[in-house]
Amino acid sequence: ATFNPVVRTSKEFSTVYILISHKSKSDYIKTRMQIHKSGIKDGKIVDYGILSNCAIQIKRYIDRMNEINSENMSVQEIKKFLMSDGEQISFTKFANAWIGKMEVAGRTKPAANYRTALHSLVGFCGKKELLFADITSMVIRKWIESLSETHRAKQMYPNAIKKMFEDGCMEYNDYDNNIIKVKNQPFRAVKIPFADVPDKRSVEAIAIREILKVRPETAREEFAHDMVILVFSLAGINSIDLYELPLAAFSDGKIKYNRSKTKFNRRDKAYFEISFPESLIPILKKHKGKKRLFNFSERYTTADTFSQNVNKGLKSLCEKAKTQKITVYWLRHTWATVALNKCGASIEQVAFCLNHSSAHKITETYITKEFTLVDEINRRVCEYVFGDKSENH
């Protein structure tokens, strides 16, 4: 096969192609170069800069062709072989397909985070499509610098791109046979910064009491009032888990479920169980679902819209109670703070009650978890917050 740089139009600016000729047949590989008509004479490229860049690309093609026997290959097969080179593999196409698989698996929340990270990088580079070869250490460093004023994105977005890039290397590179299509390793020379430590999202127990003292005047306030009691009484359960609880989650007087955020990343599938207090039975009957334990998914299209509506009701209750504005997620932080500071639980016990990943991953595999500890600490927290104990007790 032979290769020559050509143009296929006579516009003011034309795309440069590499013409492949083989066995009296031809095909074209589109380059990313554009040439002004002044660099073309009698239909041939005369711009030395363009010719120089094309020569580099053609040398790569010739080097690759020397690695194989192309005698019985068609020109289309040669093109396909050369296009499979890492220089031409699209990172954006791979990443979109990678994220799509996550969405199909029902992991919509993390998938949205990965997609946002991808859009951020693509937008920073100013291109609709990024190749693996485009993602260099310099590009990543400058991109991270542009995120320096953010609190979490400067850590979360680069880590997301790094994960997808590394999975792309596993997809396209055959390390056993030394076939390396994605040659660059941009993250080896990049230090991803830590996210800022967030402000403490917890309130004093008295604020929860004051909110619950407010007599709801609207359906939204009544709904938020119920959710404060429900979330807090279930050890600060995440709103997405509350939203997605299946009908079978309630059995033997307990709520049993797998935490949505981490069930795909943990060996134990983030399994958790907690006793369901009898005092919550009226709330369960009031919001009983047909397809899921609660009817939240029948009332709201997503877990996010569910949380947003709870927060709107909470805002109104907070205003009437004259306390600081809080969200449903703050209840989880407040539960943890009360458990640690007022009820004698250790940080590791609080982490266990919140169903966080254990720092002792190996030891964890030896142990059968006993969730009675969760019930005991949750009982103490609920007594402290809902009971008559004072802040100085």
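The exercises below, each with a worked solution, concern a predicted model of one protein chain.

**Exercise 1. Overall form**

Task: Determine how many helices and strands the protein chain has, and decide whether the chain is spread out or compact.

Solution:
- Step 1. The secondary structure of the protein chain consists of 16 helices and eight strands.
- Step 2. For 393 residues the globule rule gives 21 Å, whereas the radius of gyration of the protein chain is 29 Å, well over that value.
- Step 3. The protein chain is therefore more spread out than a compact globule.
- Step 4. The extent of the C-alpha trace can be added to this picture: along the principal axes of the protein chain it spans about 90 × 50 × 40 Å.

**Exercise 2. Burial, contacts, surface and charge**

Task: State what percentage of the residues in the protein chain is buried, and describe the contacts, the exposed area and the charges of the chain.

Solution:
- Step 1. Of the 393 residues in the protein chain, 42% are buried.
- Step 2. Consider the contacts with a separation of 6 or more: 59% of them are made by residues 24 or more positions apart.
- Step 3. The protein chain exposes about 22700 Å², and 51% of this area is supplied by carbon and sulfur atoms.
- Step 4. The protein chain carries 64 positive and 45 negative charges, and the mean positions of these two sets are 3 Å apart.

**Exercise 3. A threonine in a strand**

Task: Locate Thr15 in the secondary structure, decide whether Thr15 is buried or exposed, and identify the residue to which a polar contact joins its side chain.

Solution:
- Step 1. Thr15 belongs to strand S2, which covers residues 13-22.
- Step 2. The relative accessibility of Thr15 is 17%. Buried means under 20%, so Thr15 counts as buried.
- Step 3. The side chain of Thr15 is joined to that of Gln34 by a polar contact of 2.7 Å.
- Step 4. When residues up to four places away in sequence are not counted, Thr15 touches Val6, Val7, Arg8, Lys30, Thr31, Met33 and Gln34.

**Exercise 4. Two loop residues with positive phi**

Task: For Asp42 and Ala270, give the value of phi, name the loop of each residue, and classify each as buried or exposed.

Solution:
- Step 1. Asp42 has a phi near 55°, a positive value in a residue other than glycine.
- Step 2. Ala270, likewise not a glycine, has a positive phi of about 55°.
- Step 3. The loop that holds Asp42 runs between strand S4 (40-41) and strand S5 (44-45). Ala270 is found in the loop between strand S7 (254-258) and strand S8 (271-275).
- Step 4. With a relative accessible area of 74%, Asp42 is exposed, whereas Ala270, at 0% relative accessibility, counts as buried.

**Exercise 5. A buried alanine in a helix**

Task: Name the helix in which Ala224 lies, classify Ala224 as buried or exposed, and find which residues it touches beyond its sequence neighbours.

Solution:
- Step 1. Ala224 is part of helix H8, residues 219-233.
- Step 2. The relative accessible area of Ala224 is 0%, so this residue is buried.
- Step 3. With residues up to four places away in sequence left out, Ala224 touches Val310, Gly313, Leu314 and Leu317.
- Step 4. For one of these, Leu317, the separation in sequence from Ala224 is 93 residues, while the C-alpha atoms are 8.1 Å apart in space.

**Exercise 6. Partly exposed helix residues**

Task: Give the helix and the accessibility class of Ala55, Gly49 and Leu373.

Solution:
- Step 1. Helix H1 (residues 48-65) contains Ala55, and Gly49 also has its place in helix H1. Leu373 lies in helix H16, residues 372-386.
- Step 2. The partly exposed class lies between 20% and 50% relative accessible area. Ala55 is partly exposed at 43%, Gly49 at 39% and Leu373 at 30%.
- Step 3. C-alpha distances place these residues relative to others. Ala55 and Asn4, 51 residues apart in sequence, are 8.7 Å apart in space. Gly49 and Gly39, ten residues apart in sequence, are separated by 9.5 Å. Leu373 and Cys353, 20 residues apart along the chain, are separated by 8.0 Å.
- Step 4. Leaving aside neighbours within four places in sequence, Leu373 is in contact with Gln349 and Phe352.

Notes. Residues are numbered from 1 along each chain as its sequence is written. This is a predicted model: local features need pLDDT of at least 70, side-chain atom pairs count only at pLDDT 80 or more; totals for chains, interfaces and linings use all residues. Side-chain values use heavy atoms; hydrogens and water are left out. Helices (H or I, at least four residues) and strands (E, at least two) are DSSP runs, numbered from the N terminus. The radius of gyration is taken over C-alpha atoms; the globule rule is 2.2 Å times the number of residues to the power 0.38. Buried means under 20% relative accessible area, exposed over 50%, partly exposed in between (1.4 Å probe, protein chains only). Contact means heavy atoms within 4.5 Å. Accessible areas come from the Shrake-Rupley method with a 1.4 Å probe; for residues, only the protein chains shown count as cover. Lys and Arg count as positive and Asp and Glu as negative; His and the chain ends are not counted. The place of a charge is taken as NZ of Lys, CZ of Arg, CG of Asp or CD of Glu. A polar contact is a pair of N or O atoms within 3.5 Å; within protein, one must be able to donate a hydrogen and the other to accept it, and residues adjacent in sequence count only if both atoms are side-chain atoms.
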